[in-house]
Each structure stands twice: as C-alpha cells, then as structure tokens.
Amino acid sequence: MKKLFFVAVIAVAVFGVSCEETIFPTTIKDEPFVEFFEESMTVGAEGGEVIIPVRSTGVDNVEIIFDYSDRWEVDEENGDLTPQEGWIKIVKVINEYEVPTRALAKWDSGICIVVEPNTTGYERKAKISVQSFMLHDTIEIIQSAGGVAE
C-alpha cells in the first residue's frame with residue numbers, strides 16, 4: 001500500500017510541475033507587432049510632404065487605399081472607368097532603429113508621403129495600410145477642402 005501511495009504522490013508531483021509555466025523576469029516574448037501612433041491624420045489643403053510615425057517589428061509593405069471616386073475617372077458618355085493617379089504617393093519607408101537586442105526588434109519607423117494640393121472643393125480621405133509579418137494596421141488620411149482651381 002505504501003508503494004502505491006508513493007507512486008501516486010510522484011505522479012501528482014510530476015503532473016503538477018509539468019503543467020506549471022515558468023516565466024523569468026528577463027524573458028521576452030517575441031511576437032510580430034505593427035501600430036500607427038494615431039488613428040487618423042489631417043493634412044491641409046495645400047498638401048506637401050508628411051511623415052507618419054509607426055512602431056513595428058519591421059515594415060514589410062505599405063499600401064494606399066483610396067475611396068472609389070479617387071481611384072477611377074468616369075467617362076460621362078459611356079460610363080467607362082479609367083484608373084486615375086492618386087493624390088497621395090509613397091516616397092519612402094524610413095527605418096531608423098537602434099541595434100536590436102531581440103530576435104524581432106521593435107523600432108519607430110516612418111512612412112514618408114507626398115500629398116498633392118486639394119483644389120476639388122471637398123474634403124477627401126484615404127487610408128494607408130502598413131504590414132509587418134502578417135499583421136496590418138491602417139491610418140486614415142483626411143485632407144481639408146481647398147478652393148476649386150479655375
């Protein structure tokens with residue numbers, strides 16, 4: 001009976017230890033990360049160059065998502081759609097970071113864009129999406145309405 005009790009105690013001890021998760025204070029859990037510092041950004045009607053800060057484990061891709069009316073020019077005679085050039089252009093991705101001490105370092109980057117002047121007479125919006133590994137985050141760019149060009 002004592003042997004059976006001893007085996008049971010050892011089995012419980014092994015089971016209890018194997019289920020316990022030990023985390024040391026110096027352990028860093030590496031996971032992909034990407035996040036804009038803001039949810040939206042407003043640009044004046046005059047446009048210009050803008051740098052949008054982003055924190056990530058490395059910028060893998062950047063994409064501009066325009067509203068439907070800013071992506072297509074509609075032929076008024078027959079309704080044909082022709083792609084039009086957008087009012088935002090990506091200039092570069094700025095990767096300024098310190099020497100990483102982790103497998104997946106986090107650093108502050110910047111997306112440098114150029115916004116054309118807004119002479120449409122209405123406010124316009126677009127989104128910029130950034131990707132790090134399989135994660136995405138977006139920021140909405142809002143450009144104030146400017147005077148209509150003559």
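**A friendly note on charges and one buried glutamine**

1. A good place to start is Asp 75, which sits in the loop between β5 (72–74) and β6 (81–83). Please keep in mind as you read that this is a predicted model. With a relative accessibility of 32%, Asp 75 counts as partly exposed.

2. Asp 75 also belongs to a negative surface patch. Its partners in that patch are Glu 73, Glu 76, Glu 77 and Asp 80.

3. Next, the salt bridges: the structure holds 2 of them. In one, the side chains of Glu 85 and Lys 89 meet at 3.1 Å, N to O. Glu 85 is exposed, at 65% relative accessibility, whereas Lys 89 is partly exposed, with a relative accessible area of 33%.

4. Lys 89 forms a salt bridge with Glu 116 as well, and here the closest N and O atoms are 2.9 Å apart. This pair links distant parts of the chain, 27 residues apart: Lys 89 is in strand β7 (residues 88–95), while Glu 116 is in the loop between β8 (107–115) and β9. Glu 116 counts as partly exposed, at 36% relative accessibility. Glu 85, Lys 89 and Glu 116 are thus linked in a network of salt bridges.

5. Finally, have a look at Gln 131, in strand β9 (residues 124–132). Is Gln 131 buried or exposed? Its relative accessibility is 18%, so Gln 131 counts as buried, the cut-off for buried being under 20%. Leaving aside neighbours within four places in sequence, Gln 131 is in contact with Gly 58, Val 59, Asp 60, Asn 61 and His 136.

Terms used:
Residues numbered from 1 in each chain as written. Predicted model: local features only at pLDDT ≥ 70, side-chain atom pairs only at ≥ 80, totals over all residues. Heavy atoms only, no water. Helix = DSSP H or I, 4+ residues; strand = E, 2+ residues; numbered from the N terminus. Buried < 20%, exposed > 50% of the residue type's maximum accessible area, 1.4 Å probe, protein only. Contact = heavy atoms within 4.5 Å. Patch = residues over 30% accessible without salt bridge, like charges linked within 9 Å, V, L, I, M, F, W, Y side chains within 5 Å. Areas by Shrake-Rupley, 256 points an atom, 1.4 Å probe, with all protein chains shown as cover. Salt bridge = Lys/Arg side-chain N within 4 Å of Asp/Glu carboxyl O. Lys, Arg positive; Asp, Glu negative; His and termini not counted. Charge placed at Lys NZ, Arg CZ, Asp CG, Glu CD.
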